[in-house]
Amino acid sequence: MEKEMIDFIHKALPLPNIEERKNVVCVLPHPDDGEIGAGGTVAKLKSKGATVRYVLVTDGGAGIRGKSREETKKIRKKEQETAASILGIDEIRWLNYPDGGEYELKNVRENLSEIFNDIKPDLIITVDPFLPYESHPDHKICGLATIQTLLFDYHNPSVPIAFFFTAYPNQFICVEKQWDKKFESIFSHKSQIGPEIAEIFKKYFETKGNIYGRKIGCKYAEGFKVLIPLMLHAFEETLWI
Ligand SMILES: [Zn+2]
């Protein structure tokens with residue numbers, strides 16, 4: 001993509017700084033995704049006085065091998081509640097779709113439409129459904145349903161969407177002060193991150209956090225692809241913005 005075009009878009013359609021938003025909804029496929037992808041930023045938004053709500057699309061019931069769905073759901077919901085309370089999340093709404101993609105995007109969209117029009121968020125955070133090689137149906141449905149709700153059911157063209165688990169971050173949030181809290185919240189998902197993978201897991205995110213941090217002169221940062229609704233339909237430059 002020509003730099004001239006991208007420069008023009010950045011000037012004509014400046015992207016908002018997501019740190020300044022005050023009424024945030026995070027739409028999440030599973031318990032643990034929010035903490036792993038955006039835990040530091042969420043904690044920072046809270047410290048700056050924002051209200052932050054989680055919407056959990058699935059019940060997490062497929063997440064523990066060797067345990068029944070019923071048992072798994074209970075464990076993971078409890079872990080999610082603990083993690084959310086560490087970050088200071090104001091509310092969790094569970095849509096309770098079965099973990100594993102056996103449900104319809106349009107139903108999720110209906111639920112999200114009601115929630116967005118009720119809460120009237122000024123920032124929406126979710127997973128990037130266009131992450132190359134992303135194959136998990138829950139992640140694809142969650143990201144796409146959120147985008148479609150924003151585009152077609154929640155008529156507010158100034159509300160940005162920030163994607164985590166993205167290969168194309170365009171905004172970096174310094175979370176060095178929130179870094180320990182982020183990992184405390186991640187590690188409260190004990191059924192998902194046992195001690196055998198905790199170390200490599202932490203190193204992976206520290207390396208990434210350092211790389212993103214260097215871009216903005218900070219020790220650790222999280223990266224997001226931030227877009228305004230206009231850029232989510234028939235907009236050829238979105239990948240390069
Ligand atoms: Zn997930």
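**View 1. Gly-194 sits in the loop between helix 6 and helix 7 of this predicted model.** Helix 6 covers residues 179-186, and helix 7 covers 195-215. Gly-194 is exposed, with 10 other C-beta atoms within 10 Å. The cut-off for an exposed residue is 12 or fewer, so Gly-194 falls in that class. Tyr-212 lies 18 residues from Gly-194 along the chain. The C-alpha atoms of the two are separated by 26 Å.

**View 2. Gly-88 occupies the loop between helix 3 and strand 3.** Gly-88 counts as partly exposed, with 15 C-beta neighbours inside 10 Å. Its contacts include Ala-43 and Lys-46, leaving aside residues up to four places away in sequence. Lys-78 is ten residues from Gly-88 along the chain, and their C-alpha atoms are separated by 15 Å.

**View 3. Strand 2 pairs with strand 1 and is largely enclosed.** Six of the eight residues of strand 2 (residues 51-58) are buried, so the rest of the structure largely encloses this strand. Strand 1 (residues 23-28) runs parallel to strand 2, and six bridges join them. Val-24 stands opposite Val-52 in strand 2. Between strand 1 and strand 2, the chain passes through helix 2 (residues 33-47). This β-α-β crossover is right-handed.

**View 4. Strand 2 also pairs with strand 3.** Strand 3 spans residues 91-97. The pairing is parallel, over five bridges. Tyr-54 stands opposite Ile-92 in strand 3. Helix 3 (residues 69-87) forms a β-α-β unit with strand 2 and strand 3. That unit is right-handed.

**View 5. Asp-32 has a positive phi in the loop between strand 1 and helix 2.** The phi of Asp-32 is about 100°, although the residue is not a glycine. Is Asp-32 buried or exposed? Asp-32 is buried, with 23 other C-beta atoms within 10 Å. The cut-off for a buried residue is 20 or more, so Asp-32 meets it.

**View 6. Cys-26 and Val-27 touch the most other members of the largest nonpolar core.** That core holds 54 residues. Leaving aside residues up to four places away in sequence, Val-27 touches Val-55, Val-57, Leu-112, Ile-124, Thr-126, Cys-142 and Thr-146. Among these contacts, Leu-112 is also one of the buried residues of helix 4.

**View 7. Helix 4 turns one side to the interior elements it packs against.** Its 15 residues (residues 105-119) should span 21 Å at 1.5 Å a residue. The end C-alpha atoms are 21 Å apart, which agrees. Which residues of helix 4 are buried? They are Val-108, Leu-112 and Phe-116. These three cover an arc of only 65° around the axis, which puts them on the same side of helix 4. An α-helix has 3.6 residues a turn, so residues three or four places apart point the same way. The buried residues pack against strand 1, strand 2, strand 3 and helix 5 (137-153). The face turned away from the buried side carries the exposed residues Lys-106, Glu-114 and Asp-118. Lys-120 follows helix 4 and has a positive phi, near 55°.

**View 8. Strand 7 is mostly covered.** Strand 7 spans 221-227. Seven of its seven residues are buried. Ala-221, Gly-223, Lys-225 and Leu-227 point one way from the strand. Glu-222, Phe-224 and Val-226 point the other way. Both sets are buried, the charged residues Lys-225 and Glu-222 included.

**View 9. Strand 7 pairs with strand 5 and with strand 6.** Strand 5 (residues 161-164) runs antiparallel to strand 7, and three bridges join them. Phe-163 stands opposite Lys-225 in strand 7. Strand 6 (residues 171-174) also pairs with strand 7 in the antiparallel sense, over four bridges. Ile-173 stands opposite Glu-222 in strand 7.

**View 10. Ala-234 has a positive phi in the segment after strand 7.** The phi of Ala-234 is about 50°, although the residue is not a glycine. How many C-beta neighbours does Ala-234 have inside 10 Å? The number is 7, and Ala-234 counts as exposed.

How values were computed
Residues are numbered from 1 along each chain as its sequence is written. This is a predicted model: local features need pLDDT of at least 70, side-chain atom pairs count only at pLDDT 80 or more; totals for chains, interfaces and linings use all residues. Helices (H or I, at least four residues) and strands (E, at least two) are DSSP runs, numbered from the N terminus. Two strands pair if DSSP finds at least two bridges between them. A crossover is right-handed if, with the strands pointing away from the viewer, the path from the first strand over the helix to the second runs clockwise. A nonpolar core is a set of buried Ala, Val, Leu, Ile, Met, Phe, Trp, Tyr and Cys residues joined through C-beta atoms within 7 Å. Two residues are in contact if their C-beta atoms, placed from the backbone, lie within 7 Å. The expected span of a helix is 1.5 Å times one less than its number of residues. The arc is that of the directions from the helix axis to the C-beta atoms.
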